[in-house]
Amino acid sequence: MIQRIQTLYLLTVVALGIALIWLPVVEFVTPEEASELQIWEMTAIGGVPLQGLWGLLVATLLIPALALVDIFLFKKRILQARLNIFTAMLCLGYYGVLAIYIWQAKLALGVDWHIMPWASFPLVCFVLTIMATRRILKDEALVRAADRIR
């Protein structure tokens with residue numbers, strides 16, 4: 001299981017996903033014309049005075065959880081590839097949810113926002129998940145070719 005390169009890709013997705021839970025992805029700063037400077041950092045578990053950040057938390061928790069489950073499905077390669085594609089779409093959906101929360105914070109709080117470097121982790125997870133899917137499908141083709149030869 002660990003000797004397969006797609007397992008290493010998926011383990012990296014798990015590690016990045018777990019790190020993304022606590023790392024700030026967006027920083028909100030009051031405008032320069034405000035009387036006092038306030039800075040909020042938005043993480044998956046909160047940090048911004050807004051209600052209902054649960055969508056970002058769910059997306060952030062599902063990415064590493066599905067990648068971890070996917071590692072142990074190594075005997076069911078087609079199911080593993082399908083779950084990988086779902087995880088990749090979830091990585092892209094993370095940015096949609098993040099954009100909605102940035103828009104809500106901008107309207108409700110009237111703040112400027114700055115994206116943090118950690119916000120690129122879901123994109124890296126997307127690329128790694130696609131790479132793992134390609135390797136899984138390559139393994140499946142190899143197994144089918146070996147079965148045909150017998």
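What follows is a friendly talk between a trainee and a mentor about this predicted model.

Trainee: Let us begin with the cysteines. How many disulfides does the structure hold?

Mentor: A disulfide is a covalent bond between the sulfur atoms of two cysteines. For the sulfur of Cys 91, the closest cysteine sulfur is in Cys 125, 5.1 Å away, which is too far for a bond. Cys 125 is in no disulfide either, with the sulfur of Cys 91 as its nearest cysteine sulfur. The number of disulfides in the structure is therefore zero.

Trainee: Is Cys 91 buried or exposed?

Mentor: Here the relative accessible area decides, and under 20% means buried. Cys 91 has a relative accessibility of 0%, so Cys 91 is buried.

Trainee: And what about Cys 125, is that residue buried or exposed?

Mentor: The cut-off is again 20% relative accessible area. Cys 125 has a relative accessibility of 2%, so Cys 125 counts as buried.

Trainee: Now the aromatic rings. What kind of aromatic pair do Tyr 94 and Tyr 95 form?

Mentor: A pair of aromatic rings is described by the distance of the centres and the angle of the planes. For Tyr 94 and Tyr 95, the centres are 5.8 Å apart and the planes stand at 85°. Planes over 60 degrees apart count as edge-to-face, so the pair of Tyr 94 and Tyr 95 is edge-to-face.

Trainee: Which of these two, Tyr 94 or Tyr 95, is buried?

Mentor: Tyr 95 has a relative accessible area of 25%, so Tyr 95 is partly exposed. Tyr 94 has a relative accessibility of 1%, and the buried residue is therefore Tyr 94.

Trainee: What kind of pair do the rings of Trp 118 and Phe 121 make?

Mentor: Trp 118 is partly exposed at 34% relative accessible area, while Phe 121 is buried at 15%. Their ring centres are 5.9 Å apart and their planes meet at 65°, so the pair is edge-to-face.

Trainee: Let us move to the sheet. In what order do the three strands of the open sheet come?

Mentor: Strands of a sheet pair through backbone hydrogen bonds, either parallel or antiparallel. E1 is joined to E2 by four bridges, and four bridges also join strand E1 (residues 26-29) to E3. The edge strands, E2 (39-42) and E3 (112-115), each pair on one side only. With antiparallel pairing, the order is E2-E1-E3.

Trainee: Which residue in E3 is the bridge partner of Glu 27?

Mentor: Strand E1 covers residues 26-29 and runs antiparallel to E3. The residue in E3 that bridges to Glu 27 is His 114.

Trainee: Which residue in E2 stands opposite Phe 28?

Mentor: E1 and E2 are antiparallel strands. Opposite Phe 28, in E2, stands Trp 40.

Trainee: Along E2, which side chains point to one face and are buried?

Mentor: In a regular strand the side chains alternate between the two faces of the sheet. In E2, Ile 39 and Glu 41 point to one face and are not buried. The side chains that point to the other face and are buried belong to Trp 40 and Met 42.

Trainee: Is Ile 115 buried or partly exposed?

Mentor: Ile 115 has its place in strand E3. Its relative accessible area is 47%, so Ile 115 is partly exposed.

Trainee: Now the helices. How do H1 and H4 lie to each other?

Mentor: Two packed helices are described by the angle between their axes and the distance between the axes. The axes of H1 (residues 5-22) and H4 (residues 121-149) come within 9 Å and cross at roughly 160°. Angles over 145 degrees count as roughly antiparallel. H1 and H4 are therefore roughly antiparallel.

Trainee: How do H1 and H2 lie to each other?

Mentor: The axes of H1 and H2 (residues 54-71) come within 8 Å and cross at roughly 155°. The crossing of H1 and H2 is left-handed. The angle makes H1 and H2 roughly antiparallel.

Trainee: One last item: how far apart are the C-alpha atoms of Leu 20 and Leu 83?

Mentor: Leu 20 sits in helix H1 and is buried, with a relative accessible area of 3%. Along the chain, Leu 20 and Leu 83 are 63 residues apart, and their C-alpha atoms are separated by 20 Å.

Conventions:
Residues numbered from 1 in each chain as written. Predicted model: local features only at pLDDT ≥ 70, side-chain atom pairs only at ≥ 80, totals over all residues. Heavy atoms only, no water. Disulfide = S-S within 2.5 Å. Buried < 20%, exposed > 50% of the residue type's maximum accessible area, 1.4 Å probe, protein only. Phe/Tyr/Trp six-rings, centres within 6.5 Å; stacked < 30°, edge-to-face > 60°. Pairing = 2+ DSSP bridges. Helix = DSSP H or I, 4+ residues; strand = E, 2+ residues; numbered from the N terminus. Axes fitted to C-alpha atoms, helices over the stretch in contact; angles between N-to-C directions. Parallel < 35°, antiparallel > 145°, perpendicular 65-115°, else oblique. Left-handed = near helix turned anticlockwise from the far one by under 90°.
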